[in-house]
Amino acid sequence: MAEPSKQQIGDGSDNYGQAAGQMAKAARQSGQEAVKQTAAKGAEQASNAAAATVKASVEGGKAAAEIAAGTAAGGPWGAVLSAAWSMRHTLFKVLVCICLFLLFLIVMIVSLPSIVFNSIFGLDGNKPIEGVTPTAVYAEMAGAVSDVVDDGYSQALAKVERMISDGGYDYDLSMEALVNYAQSSSGYDVSYILAAYSASMQQQNTKKEDMVSKLGNVAGSMFPVTSEEKQKEIIIPVTYYTYQPVTLTVVTDKVKTGTVNGVAQYRYETAEKTYYLPDESHTSNEPVEIDAYKSVTVSLPVYSGGAVTGTTEETYYQADGKETVTPGTETIKYIECTIHPFDNAVIATAFGLNLDAPYEQFGITYGEAIQKMATALKMTLYGIAGDGQSVPLTDAELIAFVNRQNCNATRKHILTTALSLVGKVPYFWGGKSGPGWNDEWNTPKLVTAAGSTTSGTIRPYGLDCSGFTDWTYKTAVGVNLYGGTWNQWEETAAVSASELLPGDLGFLRESNGQGWSHVLIFAGYGEDGRRMWVHSSGGEGVILNSPSYEATLELRRPQNVDFDAPVPDNIQGTPISTLEVDVTHYCACAKCCGSNANGITASGKIASRGMVAMSSHYPFGTQIMINGTMYTVEDRGGSGIENDIHRVDIYVPDHNEALRLGRFRTTATIYRLGR
């Protein structure tokens with residue numbers, strides 16, 4: 001597990017670029033139709049012939065083992081590259097590359113979607129595009145498919161709105177009743193869609209624009225919408241008032257005393273009395289007994305020169321016993337719409353396919369051929385994840401383990417950051433990464449560092465042991481540990497077993513006693529009291545365990561890390577990484593959260609604005625800024641979120657608000673990974 005400086009495989013006289021050029025030239029000369037005819041007449045014979053050529057070329061060498069290793073690690077690409085790099089002479093490399101490439105073309109016609117490989121190999125008669133990789137083409141196609149599916153989802157929501165409006169249904173009740181199965185997971189398979197389109201075109205003249213256009217024609221059917229009219233009797237709250245007393249001088253009697261100049265004269269008798277005026281209004285959804293009041297007309301005196309000269313009439317209220325007021329009811333019509341998950345039947349409709357029809361001369365149906373193409377594409381792009389990959393820690397396991405450790409917040413933050421990769425990142429010889437999550441992890445990549453049996457093969461990209469320790473410290477506290485195990489040894493100081501704390505390092509000596517073969521991060525103590533270590537282990541990836549050699553480790557502590565520095569609550573400064581995200585919104589209702597609709601997030605906190613749900617690749621406490629607002633990861637979601645590291649669900653208190661905010665895609669920045 002030593003980690004020498006990276007270098008390209010080869011003896012200096014070999015030119016893989018020439019070999020690749022020869023392969024492309026051979027592909028163009030063979031022509032798509034010729035390869036197709038060869039496949040139709042007998043792919044097995046062609047495969048045997050090509051395999052025999054390879055075997056003859058490498059008899060007595062190590063190529064057979066390397067080819068086998070390459071195939072296991074990276075599918076067809078691993079086989080091609082392993083064979084090429086294992087040759088000692090450029091001519092043999094070119095010949096083997098051509099043979100394997102022609103074999104690959106023949107197999108590809110049967111098992112790989114041409115829309116991904118046309119631009120790479122020029123199968124449609126056009127000149128191959130320099131520097132294009134299958135992964136890059138796939139990503140471009142996947143983005144195009146995602147855009148159409150997003151449009152299909154938007155059309156489904158628009159259909160719901162139209163159904164509510166056209167039927168005159170109550171909008172708020174209808175939107176509250178919406179059952180949206182499409183919101184959490186679209187349920188489509190990009191590889192299957194690419195395979196279906198390629199098969200529909202007989203693997204010829206496949207173009208992204210044509211595929212997108214055909215998918216767009218069925219976008220309105222991607223997420224079926226069904227509905228059921230319902231009615232609900234709603235309570236109309238009763239409104240009532242409380243009254244406050246007022247004391248008035250009122251006219252109690254009016255007596256005529258004579259006439260002056262033809263004008264009648266009166267004497268007014270007055271008295272003070274208490275009446276009532278409405279004070280505060282109240283509403284109730286339940287019957288309520290209240291003090292009753294009745295209105296009365298009161299004569300109030302009008303004064304002139306200190307004497308009562310007339311009266312004016314006003315309305316006041318008098319107590320009138322008790323009464324019970326009861327709320328009313330009203331029957332409201334609304335519509336309960338259901339947006340169903342992605343309907344895979346639209347794929348066959350979009351491309352005019354009969355999945356039960358025979359697929360040319362290959363003795364299988366279109367449905368079988370498409371499924372095989374989709375599977376072959378996934379294997380070609382991603383190979384295998386590696387034997388013995390560790391199982392990821394659940395949030396509960398991670399939190400429980402960290403909380404058991406007797407150390408300060410900074411060390412717990414370092415530990416949380418390290419544990420966040422357990423079971424999620426494979427071991428890769430020479431693998432180094434910047435801070436934050438790296439989208440290249442788990443994607444096929446050539447091992448270029450010398451000194452390993454994996455050198456020169458295609459493996460899922462990840463971290464080696466020192467790459468993992470360096471990544472952890474860069475991500476958690478912004479400190480670079482530098483280089484390989486030897487450099488990290490030089491930047492650390494010895495500690496005793498009694499001084500050992502989470503975040504310290506352990507170094508394993510080479511078997512010959514010269515140098516260091518492995519470095520691990522001390523994680524703390526297990527429930528049984530054993531010392532536990534988190535590290536990137538060959539064949540397993542990032543793992544938490546107590547290895548068999550644990551007692552032989554030399555214990556060290558990084559010298560340039562301030563372990564007493566507090567972990568700030570509000571992050572400032574430079575973010576550790578950026579991330580393209582697909583943002584949706586959710587609330588704590590049953591429609592969004594199902595059985596977990598109790599307002600409590602997966603981290604145990606009460607849901608509030610500023611909390612988001614993301615994949616467990618991002619531990620609780622991760623801070624992510626989206627469009628200028630800082631959010632904190634405190635929740636999880638279903639498979640649609642867990643299996644998509646770019647998915648962010650933002651919590652809002654109201655279901656209608658969640659629906660109306662919709663989806664959008666943007667670039668986010670991550671300021672902290674975990675607490």
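How many aromatic pairs does the count come to in this predicted model? The count comes to 18 aromatic pairs, and two of them appear in the close-up views below, after an overview.

**Figure 1. Overview of the predicted protein chain.** The protein chain has 675 residues, of which 47% are buried. Its secondary structure consists of 18 helices and 21 strands. Among contacts with a separation of 6 or more, 70% are between residues 24 or more positions apart. The exposed area is about 31,700 Å², with 49% supplied by carbon and sulfur atoms.

**Figure 2. An open sheet of six strands with antiparallel pairing.** The strand order is 10-15-11-12-13-14. Strand 10 (492-494) and strand 14 (541-545) are the edge strands, each pairing on one side only. On average, neighbouring strands of this sheet are turned by 35° against each other, direction ignored.

**Figure 3. Strand 11 and strand 12 run antiparallel.** Strand 11 covers residues 505-509 and strand 12 covers residues 516-525, and five bridges join them. Phe 507 has Val 519 in strand 12 as its bridge partner. In general, strands of a sheet pair through backbone hydrogen bonds, in a parallel or an antiparallel manner.

**Figure 4. Two helices lie across strands of the sheet.** Helix 12 (residues 395-404) runs at about 85° to strand 12 and lies across strand 12, strand 13 (531-537) and strand 14. Helix 14 (residues 465-477) runs at about 45° to strand 12. The strands that helix 14 lies across are strand 11, strand 12, strand 13, strand 14 and strand 15 (554-558).

**Figure 5. Two of the aromatic pairs, one tilted and one edge-to-face.** A pair of aromatic rings is described by the distance of the centres and the angle of the planes. Among the 18 aromatic pairs, Tyr 266 and Tyr 268 have ring centres 6.5 Å apart and planes at 45°, so this pair is tilted. Tyr 266 is partly exposed, at 37% relative accessible area, whereas Tyr 268 is buried, at 16%. For Phe 522 and Tyr 525 the centres are 5.4 Å apart and the planes are at 80°, so the pair is edge-to-face. Phe 522 is buried, with a relative accessible area of 0%, and Tyr 525 is partly exposed, at 35%.

**Figure 6. An aromatic cluster and charges over rings.** One aromatic cluster is formed by Tyr 243, Tyr 276, Tyr 293 and Tyr 317. Lys 254 lies over the face of Tyr 266, 4.4 Å from the ring centre. Arg 411 has its charged end over the ring of Phe 563, at 3.8 Å from the centre of that ring.

Conventions: Residues are numbered from 1 along each chain as its sequence is written. This is a predicted model: local features need pLDDT of at least 70, side-chain atom pairs count only at pLDDT 80 or more; totals for chains, interfaces and linings use all residues. Side-chain values use heavy atoms; hydrogens and water are left out. Helices (H or I, at least four residues) and strands (E, at least two) are DSSP runs, numbered from the N terminus. Buried means under 20% relative accessible area, exposed over 50%, partly exposed in between (1.4 Å probe, protein chains only). Contact means heavy atoms within 4.5 Å. Accessible areas come from the Shrake-Rupley method with a 1.4 Å probe; for residues, only the protein chains shown count as cover. Two strands pair if DSSP finds at least two bridges between them. Axes are lines fitted to C-alpha atoms, for helices over the stretch in contact, and angles run from 0 to 180 degrees between N-to-C directions. Rings of Phe, Tyr and Trp (its six-membered ring) pair if their centres lie within 6.5 Å; planes under 30 degrees apart count as stacked, over 60 as edge-to-face and the rest as tilted. A charge sits over a ring if NZ of Lys or CZ of Arg is within 6 Å of the ring centre and within 35 degrees of the ring normal.
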